[in-house]
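Reader: I have a new structure open and I'd like to learn how to read it. Can you walk me through it, feature by feature?

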Amino acid sequence: MHSTILLFVLSFLMMSSPANAETIKLAGRELETELSDALQIANGPTTIILPSGHFSFKNEVIIDRPGITLQGQGMGKTILSFKQQKAGAQGIIGTKDFITLENFAVEDTHGNAVKILGANHVVFRGLRIRWTRGASKRN
C-alpha cells in the first residue's frame with residue numbers, strides 16, 4: 001500500500017517537475033493575441049512570461065488548462081489593463097488546477113479582476129489589483 005502511494009507521488013512529481021515544464025516568452029507586440037494563442041497551445045505545465053509594459057485587453061483571459069503560470073516582470077512593470085474591455089466580465093478567469101499568477105498588475109476590469117472557479121493549488125504572488133478611477137459604483 002505504502003509503495004503504491006509513494007510510486008504515485010513520485011510519478012506526479014516527475015510529471016510536474018520543471019524539467020518537463022514548457023516556457024513561452026511573449027514579445028508583447030500584440031500581447032492579448034499572443035497570450036490567447038499561448039494558452040491554447042499550452043500542453044502540460046507551462047510558464048508564460050509576460051514582458052514589461054502597459055497592455056490593453058478587450059477580452060477576458062481564460063485559463064482552462066492545468067499547470068499554467070503567468071509570470072510578469074513585476075506588478076509595477078507588467079500591467080494588464082481592461083479599461084477597454086468589450087467581452088467577458090472578469091480580467092482573468094481560471095478553471096483548472098495548478099494555476100500561478102505572479103509579478104504583474106490587473107487594472108480596471110468590469111467585474112472581478114481575477115476569478116477562480118473549481119480549481120485547486122492556485123497561487124497569487126506579487127499580484128496587484130486596482131481600479132484607477134478611484135471609488136466608484138462601477139468598480
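Reader: Let's begin with confidence. What pLDDT does the protein chain average?

Author: This is a predicted model, and pLDDT is the predictor's own confidence in each residue. Here the chain averages 88, and 83% of the residues score at least 70.

Reader: Over which residues is the pLDDT below 50?

Author: Look at residues 2-17, where the score is below 50. If you leave out near neighbours in sequence, that stretch has five contacts in the model.

Reader: Okay, on to strands. How do I read a pairing, say the one that joins β2 to β5?

Author: Check two things: the direction of the strands and the bridges between them. Strand β2 covers residues 46-49 and strand β5 covers residues 68-71; they run parallel, joined by four bridges. To see one spot in that pairing, find I48, which stands opposite L70 in β5.

Reader: Which strand pairs with β5 over three bridges?

Author: That's β8, residues 100-107, and the pairing is again in the parallel sense. L70 is a handy landmark here too: its bridge partner in β8 is L101.

Reader: What is the order of the strands in the open sheet of three?

Author: Read across the sheet rather than along the chain, and you get β4-β7-β9, with parallel pairing. The edge strands are β4 and β9 (114-116), since each of these pairs on one side only. From one strand to the next, the twist averages 45°.

Reader: How many bridges hold β4 and β7 in their pairing?

Author: Four, in the parallel sense. For a place to look, try I63, which sits opposite G94 in β7.

Reader: And over how many bridges do β7 and β9 pair?

Author: Three, also parallel, with β7 spanning residues 87-94. You can pick out two positions along this pairing: I93 stands opposite K115 in β9, while the bridge partner of I92 in β9 is V114.

Reader: Now pockets. How much space lies in the second largest pocket?

Author: With a pocket, ask about its volume first, then its lining. This one holds about 220 Å³ of space. Its lining is made up of 13 residues, and the ones nearest the centre are S36, L39, E60, V61 and I62.

Reader: Which elements give two or more residues to that lining?

Author: Those are α2 (31-41) and β4 (59-63). Helix α2 gives the most, with six residues. You've met β4 already, as an edge strand of the open sheet.

Reader: How many lining residues are nonpolar, polar or charged?

Author: Sort the lining of the second largest pocket by type and you find five nonpolar, four polar and four charged residues.

Conventions:
Residues numbered from 1 in each chain as written. Predicted model: local features only at pLDDT ≥ 70, side-chain atom pairs only at ≥ 80, totals over all residues. Heavy atoms only, no water. 1 Å grid on protein atoms, 1.4 Å probe; cavity = no way out; pocket = protein on both sides within 12 Å on 5 of 7 lines; lining within 4 Å. Points joined across faces, edges and corners; volume = space filled by probe spheres on them. Nonpolar A, V, L, I, M, F, W, Y, C, P; charged D, E, K, R; others polar. pLDDT = per-residue confidence, 0-100. Contact = heavy atoms within 4.5 Å. Pairing = 2+ DSSP bridges. Axes fitted to C-alpha atoms, helices over the stretch in contact; angles between N-to-C directions.
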